[in-house]
Amino acid sequence: MSDLGSAPVPPVSDDDHVTGDAEDMLVIEYADFECPFCAVLSERLKSRRLRRVFRHFPIRSRHPRAWAAACAAEAAALQGRFWEMHDLLFADQARLDDPHLWARAQSLELDLDRFEADRRSEAVGARVRRDFESGVRAAVVTTPTLFAGGQRYCGQIREHALALLTQTAR
Amino acid sequence: MRDSVVPPGTLAPDFTLRREDGSEFKRADLEGRRTVLVFYPFAFSPVCTDQLNLYEEVREDIHKRGATIYGVSCDASYSQKAFRESLGIAIEQLSDFEPKGQACRAFGVYHPGGFPQRALVIVGPDGVVSWSYQAPSPGDLPGANLIFDGLAASAPA
């Protein structure tokens, strides 16, 4: 049984999805692919020089397709295409059902049989759940939540807050 | 009437809440198992929505620790049921509608504005409060980690 009691947000590990250069400021993001605020934030983060870490925090009763989308991203990650799938999922949140996930996998030229098996596998589910649990332990209560420079930012993170955040993280 | 959430080590007060089917839920219903009572201000309000959605995601984990989680508010049972169904969650709701706030007052979590404070109370199988927490303000959402801290702190030996 996983420990879900309070714990600091885990540091970056080899198993994390990381983009950006090591010397750039580090931002750890807990998000879900069906969350519109997460999609907006993702665009804003993309426009800045950052070292981004993406962690899943799907809340199924709020976003019924978020878990499947997270698993699709993990299945793409197993074929080395996490960030591409991440971008495709956020790019069209009105289309997150199975045929739309297959279409994205196809557009990334993934091995579709492997993608389909992986996204439904226990290992991928456990990977998504691991991120979620680390968020619960770090008192994440909503998406998106960012950790940067020892601070937490959550909910609708607007441009001025993001500017402040990146200043703080420098 | 208590003016702050009932502290650990205190026998749970006498109270009567209503289940969605109108039946009573009383102190005796707490005995023999661990119970997590989630007092929340208003059905359909934004923070309460986020809170119950989040706790639903860990409801099974709470259950695995031998505890049952309930939502408690002063809303009528019909409103609570509509709220629960609109969220698509299974956390059972208990109503403190009439006499309004009587159970919340007994647990020390009745806000002067006429609604429950946002508070968490864990009651052990012996009917004694084993852990409690009141958010600094009703707008603050306690992380689910706090529930697990509370359950760990009051775990049976």
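**Exercise 1. Describe the make-up and overall form of chain B in this predicted model.**

Solution.
Step 1. Establish the elements. Chain B contains 5 helices and 9 strands.
Step 2. Put them in order. Along the sequence, the pattern of chain B is β-β-β-α-α-β-α-β-α-β-β-β-β-α.
Step 3. Compare the radius of gyration with the rule. For chain B the value is 14 Å, close to the 15 Å that the globule rule gives for 157 residues, so chain B is as compact as a globular protein of that length.
Step 4. Add the dimensions. Taken along the principal axes, the C-alpha atoms of chain B fill a box of roughly 40 × 35 × 30 Å.
Step 5. Consider burial and contacts. Of the 157 residues in chain B, 46% are buried. Among contacts in chain B between residues at least 6 apart in sequence, 66% join residues at least 24 apart.

**Exercise 2. Describe chain A in the corresponding way, and state how many residues each chain gives to the contact between chains A and B.**

Solution.
Step 1. Chain A has 7 helices and 5 strands, and from the N terminus on these run β-β-α-β-α-α-α-α-α-β-β-α.
Step 2. The radius of gyration of chain A is 15 Å, close to the 15 Å that the globule rule gives for 170 residues, so chain A is as compact as a globular protein of that length.
Step 3. The C-alpha trace of chain A spans about 45 × 40 × 30 Å along its principal axes, and buried residues account for 42% of its 170 residues.
Step 4. Where contacts in chain A link residues at least 6 apart in sequence, 74% of them join residues at least 24 apart.
Step 5. The contact between the chains takes 14 residues from chain A and 18 residues from chain B. On the side of chain A that touches chain B, the classes are 7 nonpolar, 4 polar and 3 charged residues.

**Exercise 3. Determine how helix α2 of chain A is oriented to α6(A) and to α3(A).**

Solution.
Step 1. Take α6(A). The axes of α2(A), residues 66-77, and α6(A), residues 122-137, come within 9 Å and cross at roughly 110°.
Step 2. Classify the angle. Angles of 65 to 115 degrees count as roughly perpendicular; α2(A) and α6(A) are therefore roughly perpendicular to each other. The crossing is right-handed.
Step 3. Identify the contact. From α2(A) come A:Trp67, A:Ala70, A:Cys71, A:Glu74 and A:Ala75, and from α6(A) come A:Val124, A:Gly125, A:Arg127 and A:Val128. By class, these are 6 nonpolar, 1 polar and 2 charged residues.
Step 4. Take α3(A), residues 82-91. This helix packs with α2(A) at an angle of about 150°, the axes being 7 Å apart.
Step 5. Classify again. Angles over 145 degrees count as roughly antiparallel, which makes α2(A) roughly antiparallel to α3(A). Here too α2(A) passes α3(A) in a right-handed crossing.
Step 6. Identify this contact. A:Ala69, A:Ala72, A:Ala73, A:Ala76 and A:Ala77 of α2(A) meet A:Phe82, A:Glu84, A:Met85, A:His86 and A:Leu89 of α3(A). The residues divide into 8 nonpolar, 1 polar and 1 charged.

**Exercise 4. Describe the surroundings of A:Leu41, including what it touches.**

Solution.
Step 1. Locate the residue. A:Leu41 belongs to helix α1 of chain A, residues 36-46.
Step 2. Apply the burial cut-off. A residue is buried if 20 or more other C-beta atoms lie within 10 Å of its own; A:Leu41 has 25 and is therefore buried.
Step 3. List its partners. Leaving aside residues up to four places away in sequence, A:Leu41 touches A:Pro144 and A:Ile157.
Step 4. Examine A:Pro144. It is 103 residues from A:Leu41 along the chain, yet their C-alpha atoms are separated by 7.7 Å. A:Pro144 is found in the loop between α6 and β4 (145-148) of chain A, and a cis peptide bond with omega about -10° joins it to A:Thr143.

**Exercise 5. Which residue in the loop between α4 and α5 of chain A has a positive phi, and is it buried or exposed?**

Solution.
Step 1. The residue is A:Glu109, whose phi is about 55° although it is not a glycine. Its loop lies between α4 (98-107) and α5 (112-119) of chain A.
Step 2. A:Glu109 has 9 C-beta neighbours inside 10 Å and so counts as exposed.

Definitions and conventions: Residues are numbered from 1 along each chain as its sequence is written. Chains are lettered from A and ligands numbered from 1 in the order in which they are written. This is a predicted model: local features need pLDDT of at least 70, side-chain atom pairs count only at pLDDT 80 or more; totals for chains, interfaces and linings use all residues. Axes are lines fitted to C-alpha atoms, for helices over the stretch in contact, and angles run from 0 to 180 degrees between N-to-C directions. Helices (H or I, at least four residues) and strands (E, at least two) are DSSP runs, numbered from the N terminus. Angles under 35 degrees count as roughly parallel, over 145 as roughly antiparallel, 65 to 115 as roughly perpendicular and the rest as oblique. A crossing is left-handed if the near helix is turned anticlockwise from the far one by less than a right angle, and right-handed if clockwise. Two residues are in contact if their C-beta atoms, placed from the backbone, lie within 7 Å. Ala, Val, Leu, Ile, Met, Phe, Trp, Tyr, Cys and Pro count as nonpolar, Asp, Glu, Lys and Arg as charged, and the others, Gly among them, as polar. The radius of gyration is taken over C-alpha atoms; the globule rule is 2.2 Å times the number of residues to the power 0.38. A residue is buried if 20 or more other C-beta atoms lie within 10 Å of its own, exposed if 12 or fewer, and partly exposed in between; C-beta atoms are placed from the backbone.
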